[in-house]
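Colleague: I'm new to this one, and I'd love a short tour. Could you put it up on the screen so we can talk it through?

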Amino acid sequence: MKVKFGASLLSWITPNWNPEAGKYAIEKTAEAGFDLIEILLPTSMEFNSKEIKQQLKDNNLDVVCSLNLPKEAHIAFYPEVAEKLIKQAIDKTSELETDFLGGVLHGGIGAFSGNPLTKNEAEIIVEVWNKVADYAKEKCVNIGIEPINRYESYVCNTAENVLNLIKQTGKDNLFLHLDTFHMNIEENNFYDPIILAGKKLKHIHITESHRGMLGEGTINWEEFFKALKEIDFEGNLILENFSSSIPGMQQMVSLWQKSPYNAEELALKSLNFLNLNV
């Protein structure tokens, strides 16, 4: 396997971007020994790419980007708004001189129709994905699409949901982005979705069933790592567990229980867990 270990911006700060917080997250990620940081792009796209590139260079850290579509950019309802926002995210990804944009790019988080995804809605999503995939190809950017749980979206809850829609596009720069927290809710196990995806899997958010310390929840890590080895996974394993020690994090991700670990302990011990298992 060719794997890079990363930490999400959310490992250190909430995503309300400002230069000082961004610099802090980059420095802490590098100090902890990660290969890269995943920057969750603000929907405003307002940050200084040149400044961030210099901070990354100063800390010898690689970067990937992600975007979570908000309700007001739910593709099935507002395809033009969503297309514009995803293209802006592709621009920012390119400006940071990286080749990967992941995230919830099938629908707005928290947007619901009250029914399962319809054929017409799926066609709208495929049409938008076709356009943004072509745009991303011009910028040498690959896109990873993250299924999330039923309480946050009705569009793509499983790996199979995403893979089926990608297949309809026929685009070779659209990939699957998994998250073990959402897998724990929606998938039958941690083995089959990874095998199903094969080389279409490029990016994974690594987190426990309760978003805490790896190995202290109910995720079947043995099954998970076995599947990664069988597909000879080449991509990023990004730590995305949360600590209530970060101001504002409890409210942002509904982390109502007090975390037993601060952000630094969580990152360091979780990275050690990954190193022992990969």
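Colleague: Let me start with one ring: is F224 buried or exposed?

Modeller: Happy to help, and keep in mind that this is a predicted model. A residue counts as buried when its relative accessible area is under 20%. F224 has a relative accessible area of 0%, so F224 is buried.

Colleague: At what angle do the ring planes of W221 and F224 lie, and what kind of pair is that?

Modeller: Both residues sit in helix α8, 3 residues apart, about one turn of the helix. Their ring centres are 5.5 Å apart. Planes over 60 degrees apart count as edge-to-face. The planes of W221 and F224 stand at 90 degrees, so the pair is edge-to-face.

Colleague: Which residues do ring pairs link into a cluster with W221?

Modeller: W221 itself is buried, at a relative accessible area of 6%. Ring pairs join it in a cluster with F224, F225 and F273.

Colleague: How many aromatic pairs are there in total?

Modeller: Rings pair if their centres lie within 6.5 Å. By that rule, the count is 7 aromatic pairs.

Colleague: How far apart in sequence are the parts that F112 and Y154 tie together?

Modeller: Their ring centres are 6.3 Å apart and the planes meet at 35 degrees, so this pair is tilted. F112 is in the loop between β4 and α4, while Y154 is in the loop between β5 and α5. The pair therefore ties together parts separated in sequence by 42 residues.

Methods:
Residues numbered from 1 in each chain as written. Predicted model: local features only at pLDDT ≥ 70, side-chain atom pairs only at ≥ 80, totals over all residues. Heavy atoms only, no water. Phe/Tyr/Trp six-rings, centres within 6.5 Å; stacked < 30°, edge-to-face > 60°. Helix = DSSP H or I, 4+ residues; strand = E, 2+ residues; numbered from the N terminus. Buried < 20%, exposed > 50% of the residue type's maximum accessible area, 1.4 Å probe, protein only.
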